[in-house]
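Visitor: I am new to this structure and would like a close look at one part of it. Could you take me to a single residue, and then show me what lies around it in the rest of the chain?

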Amino acid sequence: MSISKILNSLEKSWERDDILLKIKNGLEADKIVNEFLANNEIQIKELNSLLRPEDVDLLNQVEQLSTCESKLINKIKDLNYSENNEHNHVINQKKILPTNKVSSNRISSFMINWSNKFVVIALLTISAIALSKQAWA
């Protein structure tokens with residue numbers, strides 16, 4: 001099986017909406033990851049056998065990007081918490097709740113779309129690299 005087919009299959013198995021639902025239901029991140037690994041063990045092993053050193057470097061860069069995104073989310077969340085505490089005595093609590101729901105939905109949507117696009121681009125890049133190497137071989 002080619003890298004692109006494996007990556008497409010794994011991407012379909014990792015539905016972000018399903019993962020968010022599991023998180024909302026209280027499932028821990030480690031359990032979610034272990035479940036995914038168990039359900040896709042054969043494809044992951046095959047993918048690992050097809051990866052070249054430059055592909056692994058790209059995966060490391062994607063991992064670093066995800067870490068940066070996580071830190072950015074935490075910083076934004078901390079800033080939002082600090083600002084809410086500072087303005088809490090001025091603004092009525094009833095007025096804050098609807099605004100926070102709207103803005104948190106927008107932020108969540110922005111981060112999910114941003115992250116999804118990057119992962120797809122990274123997967124396509126890996127596939128393109130693999131296909132071009134096969135074509136030149």
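Guide: Let us start with Glu 11, which has a relative accessible area of 34% and so counts as partly exposed. That value comes from a predicted model, as does everything else I will show you here. Glu 11 sits in helix α1, which covers residues 3-13. Together with Glu 15, Asp 17 and Asp 18, Glu 11 forms a negative patch on the surface. A residue needs over 30% relative accessible area to join a patch, and Glu 11, at 34%, therefore passes that cut-off.

Helix α1 also has a part in the interior. The largest nonpolar core has ten residues in all: Ile 3, Ile 6, Leu 7, Leu 10, Phe 36, Ile 44, Leu 47, Leu 51, Leu 58 and Ile 126. Two elements, α1 and α4 (41-50), give two or more residues to this core. The largest share, four residues, is that of α1. So the helix that carries Glu 11 is also the one that gives the most to this core. For a wider view, buried residues account for 19% of the 137 residues in the protein chain.

It helps to place α1 in the whole chain. The protein chain has six helices and zero strands, and read from the N terminus its elements run α-α-α-α-α-α.

Now back to the surface, for a patch of another kind. Trp 14, Val 33 and Leu 37 make a nonpolar surface patch of about 240 Å². Of these, Leu 37 belongs to helix α3, residues 29-39. Leu 37 is partly exposed, because its relative accessible area is 38% and the partly exposed class runs between the 20% and 50% limits.

Helix α3 brings us to the charged pairs, for the structure holds four salt bridges. In one of them, the side chains of Lys 22 and Glu 35 meet at 2.5 Å, N to O. This pair links distant parts of the chain, with Lys 22 in helix α2 (residues 16-24) and Glu 35 in helix α3, 13 residues apart. Both partners are partly exposed: Lys 22 has a relative accessible area of 25%, and Glu 35 has 33%.

Another salt bridge stays within one helix. The side chains of Glu 41 and Lys 45 meet at 3.1 Å, N to O, and both residues lie in helix α4, four residues apart, or about one turn of the helix. Glu 41 is partly exposed, with a relative accessible area of 41%, whereas Lys 45 reaches 54% and is exposed. Helix α4 is also one of the elements that give two or more residues to the core we met earlier.

Our last stop is the salt bridge between the side chains of Arg 52 and Glu 54, at 2.7 Å, N to O. Salt bridges that share partners join Arg 52, Glu 54 and Asp 55 into one network. Arg 52 counts as buried, because its relative accessibility is 19% and buried means under 20%. Its partner Glu 54 is partly exposed, with a relative accessible area of 33%.

To return to where we began, Glu 11 is a partly exposed residue of helix α1, and one of the members of a negative surface patch.

Definitions and conventions:
Residues are numbered from 1 along each chain as its sequence is written. This is a predicted model: local features need pLDDT of at least 70, side-chain atom pairs count only at pLDDT 80 or more; totals for chains, interfaces and linings use all residues. Side-chain values use heavy atoms; hydrogens and water are left out. Patches are made of residues with over 30% relative accessible area and no salt bridge: like charges are joined within 9 Å, nonpolar side chains (Val, Leu, Ile, Met, Phe, Trp, Tyr) within 5 Å. Accessible areas come from the Shrake-Rupley method with a 1.4 Å probe; for residues, only the protein chains shown count as cover. Lys and Arg count as positive and Asp and Glu as negative; His and the chain ends are not counted. The place of a charge is taken as NZ of Lys, CZ of Arg, CG of Asp or CD of Glu. Buried means under 20% relative accessible area, exposed over 50%, partly exposed in between (1.4 Å probe, protein chains only). A nonpolar core is a set of buried Ala, Val, Leu, Ile, Met, Phe, Trp, Tyr and Cys residues joined through side-chain atoms within 4.5 Å.
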